[in-house]
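Visitor: Take me closely through a single part of this model. Then show me how its surroundings are put together.

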Amino acid sequence: MTSTGNVAPALRHAAEIGPAVPDAEALALRAVHRAASDLRRGTPVLLTGLPATPAGGALLVAAAETVGARGLAELAAAAIAPPALLLAPIRAAALLQRPIPTAVQRADAHPSEARWLEEGVVALRLPATLLDPAALKRLADPVAERLLPEQPELQPPPPLAAAALALAKLGRLLPALVAAPAREGAAEALGLLSVPAADILAYPTSAATSLTRVAEARVPLEDARDARIVAFRAADGGIEHLAILVGDPEKLAAEGGAPLVRAHSECFTGDLLGSLRCDCGPQLRGAIARMGREGAGVLLYLAQEGRGIGLVNKLRAYTLQDQGLDTLDANRALGYGADERGFLVAATMLQQLGIPRVRLLTNNPDKMAGLAACGIAVEGREAHQFDANGVNDKYLETKAERFGHLLR
């Protein structure tokens with residue numbers, strides 16, 4: 001038996017002061033992170049709305065690409081109405097083979113519920129033949145599209161539908177969910193996690209502003225021997241973002257200078273494997289080499305694979321590109337926006353590094369505007385262009401013509 005006297009001092013101190021009480025924001029981040037993880041496992045989640053409003057009831061949701069027979073059974077046991085499938089309009093239009101309106105107005109909406117009006121969400125009534133895990137995957141994934149035994153019909157989207165799709169995106173899942181209004185107390189009886197829809201919608205901002213430095217080490221690089229890596233983690237404990245510091249950019253900033261900075265979204269295929277489909281690898285290595293030559297700079301390596309859709313969905317987008325779509329339309333066909341990234345993560349990292357002014361190494365005007373909107377003074381743009389390689393020519397053309405990148 002272990003005596004109290006053998007307990008480490010830190011543990012004794014913790015016992016004396018009592019249990020830690022996380023603040024409300026940390027608890028909200030934790031709950032949303034857990035809910036996204038449950039969706040990835042195929043487990044339904046309960047979204048709660050605005051109790052003061054007539055239509056602010058709870059909504060049970062499960063990810064169409066991961067839910068199995070058990071998850072569907074749990075959803076059926078806890079629901080008070082038949083489930084619907086929630087999709088982005090472009091995916092619903094492909095399934096129904098006709099244009100879909102981008103908003104459904106709810107005549108019965110309470111004034112305080114106005115922000116829950118579901119713009120950009122389509123609900124499809126699911127016949128029994130489609131309430132099957134394999135059929136749901138086909139409905140969700142345009143890469144796996146096949147003929148269906150029965151076509152679903154449109155119905156008004158439920159309250160909280162937009163938050164449901166947002167939660168799927170946070171889990172890097174296809175934004176396609178089976179959803180049904182919940183029977184009171186049934187979700188708790190089944191042990192299903194509950195999370196407020198408002199916390200889901202606030203999550204990107206809350207997670208970005210909660211970033212803290214958790215580790216730092218000197219890591220000499222081939223093109224920048226005087227380099228350090230600083231890791232940042234959000235309060236939800238999710239994937240870390242990294243800052244690669246070359247030389248002493250903090251000192252330069254403290255003296256009033258504007259260090260060279262690149263905000264680089266991670267790209268497994270380009271950065272690590274040398275994929276020719278994009279220009280990410282050359283941009284990454286070129287940025288570090290330039291900072292090495294200049295003697296100072298910061299490369300923010302952001303966990304925003306595939307413009308924020310994640311690696312698995314980026315591979316799906318590649319399949320759609322091979323079928324004729326460009327990179328923008330491929331992302332949309334999956335139910336995502338053309339670019340799902342945020343700039344608050346990068347701005348928070350720079351602020352914590354003590355770098356309020358930058359010269360931004362980019363071809364993307366949106367990065368300049370986004371960082372400026374988050375309080376970083378962008379004192380100039382440094383071009384960061386690399387020649388096409390015979391494979392990524394169309395990709396670069398799309399960047400210039402449809403994303404407005406300054407490549408010409």
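Guide: I start with one strand and work outward from there.

This is a predicted model, in which local features need pLDDT of at least 70, side-chain atom pairs count only at pLDDT 80 or more, and totals for chains, interfaces and linings use all residues. Residues are numbered from 1 along each chain as its sequence is written, and side-chain values use heavy atoms, with hydrogens and water left out.

The protein chain has 17 helices and 14 strands. These are DSSP runs, numbered from the N terminus: helices are H or I with at least four residues, strands E with at least two.

Our part is strand β12, residues 296-302. Seven of its seven residues are buried. Buried means under 20% relative accessible area; over 50% is exposed, and in between is partly exposed (1.4 Å probe, protein chains only). In a regular strand, side chains alternate between the two faces of the sheet. Ala296, Val298, Leu300 and Leu302 lie on one side of β12. Gly297, Leu299 and Tyr301 lie on the other. Both faces are covered.

Now the partners. Two strands pair if DSSP finds at least two bridges between them. Strand β10 (residues 241-247) pairs with β12 in the antiparallel sense, over six bridges. There, glycine 247 stands opposite alanine 296. Strand β11 (residues 260-265) runs parallel to β12, joined by five bridges. Valine 261 faces valine 298 in that pairing.

Leu300 of β12 leads into the packing. It is among the residues with the most contacts inside the largest nonpolar core, along with Leu47, Val61, Leu167 and Ala243. That core has 54 residues. A nonpolar core is a set of buried Ala, Val, Leu, Ile, Met, Phe, Trp, Tyr and Cys residues joined through side-chain atoms within 4.5 Å. A second, separate core of 40 residues includes Leu46, Ala64, Leu124 and Ala186.

Val61 of the largest core is worth a stop. Among the residues it touches are Leu39, Val45, Leu47, Leu75, Ala164 and Leu177, not counting residues up to four places away in sequence. Contact means heavy atoms within 4.5 Å. Strand β1 (residues 45-48) pairs with β2 (residues 59-63) in the antiparallel sense over three bridges. Leucine 46 has leucine 60 in β2 as its bridge partner. β1 also runs parallel to β7 (residues 194-196), again over three bridges. Threonine 48 bridges to proline 196 there.

Back toward β12 in sequence, look at serine 275, in the loop between α10 (268-272) and α11 (280-294). Its relative accessible area is 19%, so serine 275 counts as buried. Serine 275 touches Thr269 and Gly270, leaving out residues up to four places away in sequence. Its side chain reaches the backbone nitrogen of arginine 277 at 3.1 Å. A polar contact is a pair of N or O atoms within 3.5 Å; within protein, one must be able to donate a hydrogen and the other to accept it, and residues adjacent in sequence count only if both atoms are side-chain atoms.

The charged end of arginine 277 sits over the ring of tyrosine 318, 4.2 Å from its centre. The rule: NZ of Lys or CZ of Arg within 6 Å of the ring centre and within 35 degrees of the ring normal. Arginine 307 places its charged end over the ring of phenylalanine 403, also 4.2 Å from the centre.

Last, the whole chain. Buried residues make up 50% of the 408 residues. Of contacts between residues at least 6 apart in sequence, 69% join residues at least 24 apart.
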